[in-house]
Amino acid sequence: MKTFQGKVAVITGAASGIGRALAERCAQEGMKVVLADIEEQALLQASQDLAAQGAQTLAIPTDVSQAEEVETLARKAFETYAGVHLLFNNAGVGAGQTAWESTLADWQWVLGVNLWGVIHGIRSFVPRMLESRAEGYIVNTASMAGLTSGPGLSVYMASKHAVVSLTETLYHELTLSGASIGVSVLCPGFVKTHIQDAERNRPAHLQNAPGEQKQLSQEEQEEAQILKRAIQKGISPKYQAEMVFEAIREERFYIYPPEFKRGIQTRMEDILQLRNPTLLLLKKEQ
Ligand SMILES: NC(=O)c1ccc[n+]([C@@H]2O[C@H](COP(=O)([O-])OP(=O)(O)OC[C@H]3O[C@@H](n4cnc5c(N)ncnc54)[C@H](O)[C@@H]3O)[C@@H](O)[C@H]2O)c1
């Protein structure tokens, strides 16, 4: 997709971080912007801020883990603008400990938002986009955690690996069907956002019961701090949005930071050489 002016974008997780920066970038490109998020106040604020800059916006509170809410989002977007050209399935959260210590609620919440959110987006939007026959583009947000593997983030990693695979499959299916809908998978490295406060949006019925979650060991606490610092020192969401638009213009499928190439390569070589998984850890100085 080369031109954006006058077209319609839908962004989930648009109230904060990468989603908000994508919404701002869409507005700068002259698009009509549909913002969706579970956090209503922040969503309305983001929408008002864009409208104050002259953008045409529509804010639709949406929990992407709920099929009927994403269906309502798609219906309203298509009713209001008679088309959607650019879809960002971006909303995401993180939680969990080791694969066996993460609670059932951790698994249900993270897979519900990160994986089912993308599935619902595809199921509600793609048929309508195909029917409209307009040129379209879909960007699903995964993570570098979807291209590599490491300890301690099993729930998040499983959700993001699934999003990468789902998006690769979607790419093949849409290409083979002859549709004029392009697809990319966004795999950010570290971006300075509010992802570390994801618990703010955890619904009451998926909270962990008191004492259900294991206390972190000293070593695990240090690892969590290293991750937190890496995100605080990460690239700006605005720069991430620029990289995304560059990839959309080039119709390039994979969007990831070049400095992570070695990690991806190591994992691929592990697989090809039948070698056991290499442990790649964040450096302490991060
Ligand atoms: N920040 C990073 O370093 C990083 C790295 C890799 C991948 N990602 C991915 O980028 C995406 C955006 O995250 P971010 O870093 O901008 O974090 P963020 O917390 O700043 O923004 C995430 C947004 O998603 C919304 N959200 C949460 N649950 C939702 C739900 N059920 N329905 C609808 N909206 C919901 C939040 O309210 C928030 O506005 C996520 O998919 C995340 O996994 C981020």
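A residue is near a molecule or strand if one of its heavy atoms lies within 4 Å of it. By that rule, 31 residues surround the ligand. The closest are S16, D37, Y156, V191 and T193.

This is a predicted model, in which local features need pLDDT of at least 70 and side-chain atom pairs count only at pLDDT 80 or more, while totals for chains, interfaces and linings use all residues. Residues are numbered from 1 along each chain as its sequence is written, and side-chain values use heavy atoms, with hydrogens and water left out.

## Around the ligand

Start with the polar side chains. S16 has an N or O atom in its side chain 2.6 Å from an oxygen atom of the ligand. For R200, the distance from a side-chain N or O atom to a ligand oxygen is 3.2 Å. N201 places a polar side-chain atom 2.8 Å from an oxygen atom of the ligand. The protein covers 98% of the 830 Å² of accessible area that the ligand has on its own. Accessible areas come from the Shrake-Rupley method with a 1.4 Å probe; for residues, only the protein chains shown count as cover.

Two elements give two or more residues to the shell around the ligand: α1 (17–28) and α5 (154–176). Such helices (H or I, at least four residues) and strands (E, at least two) are DSSP runs, numbered from the N terminus. The shell divides into 14 nonpolar, 12 polar and 5 charged residues. Here Ala, Val, Leu, Ile, Met, Phe, Trp, Tyr, Cys and Pro count as nonpolar, Asp, Glu, Lys and Arg as charged, and the others, Gly among them, as polar.

## Salt bridges

How many salt bridges does the structure hold? There are 15. A salt bridge is a side-chain nitrogen of Lys or Arg within 4 Å of a carboxyl oxygen of Asp or Glu. The table lists some of them.

| Pair | N to O distance |
|---|---|
| D106 and R202 | 2.6 Å |
| R202 and E199 | 3.0 Å |
| K214 and E220 | 2.8 Å |

The bridge between D106 and R202 links distant parts of the chain. D106 sits in helix α4 (residues 104–132), and R202 in the loop between β6 (181–186) and α6 (218–232). The two are 96 residues apart. Both are buried. Buried means under 20% relative accessible area, exposed over 50%, and partly exposed in between (1.4 Å probe, protein chains only).

Next comes the bridge of R202 with E199. R202 counts as buried because its relative accessibility is 5%. E199 has a relative accessible area of 38%, so E199 is partly exposed. In the K214 and E220 pair, K214 is partly exposed at 29%. E220 also counts as partly exposed, at 22%. Elsewhere, R20, E24 and D49 are linked in a network of salt bridges.

## Four residues up close

R202 deserves a second look. Its side chain makes a polar contact of 3.5 Å with the side chain of N208. A polar contact is a pair of N or O atoms within 3.5 Å; within protein, one must be able to donate a hydrogen and the other to accept it, and residues adjacent in sequence count only if both atoms are side-chain atoms. Leaving aside neighbours within four places in sequence, R202 is in contact (heavy atoms within 4.5 Å) with A95, T103, A105, D106, W109, Q207 and N208.

N114 lies in helix α4. Is N114 buried or exposed? N114 counts as buried because its relative accessibility is 0%. The side chain of N114 reaches the backbone nitrogen of V93 at 2.8 Å. Beyond four places in sequence, the contacts of N114 include A91, G92, V93 and Y156. Y156 is also one of the closest residues to the ligand.

L216 belongs to the loop between β6 and α6. Its relative accessible area is 34%, so L216 is partly exposed. Which residues does L216 contact, leaving aside its neighbours within four places in sequence? They are Q97 and Q221. L216 and Q97 are 119 residues apart along the chain, yet 8.7 Å separates their C-alpha atoms.

S47 is part of helix α2 (residues 40–52). With a relative accessible area of 8%, S47 is buried. S47 contacts L35, T57 and A59, leaving aside neighbours within four places in sequence. S47 and A14 are 33 residues apart in sequence, with 8.8 Å from C-alpha to C-alpha.
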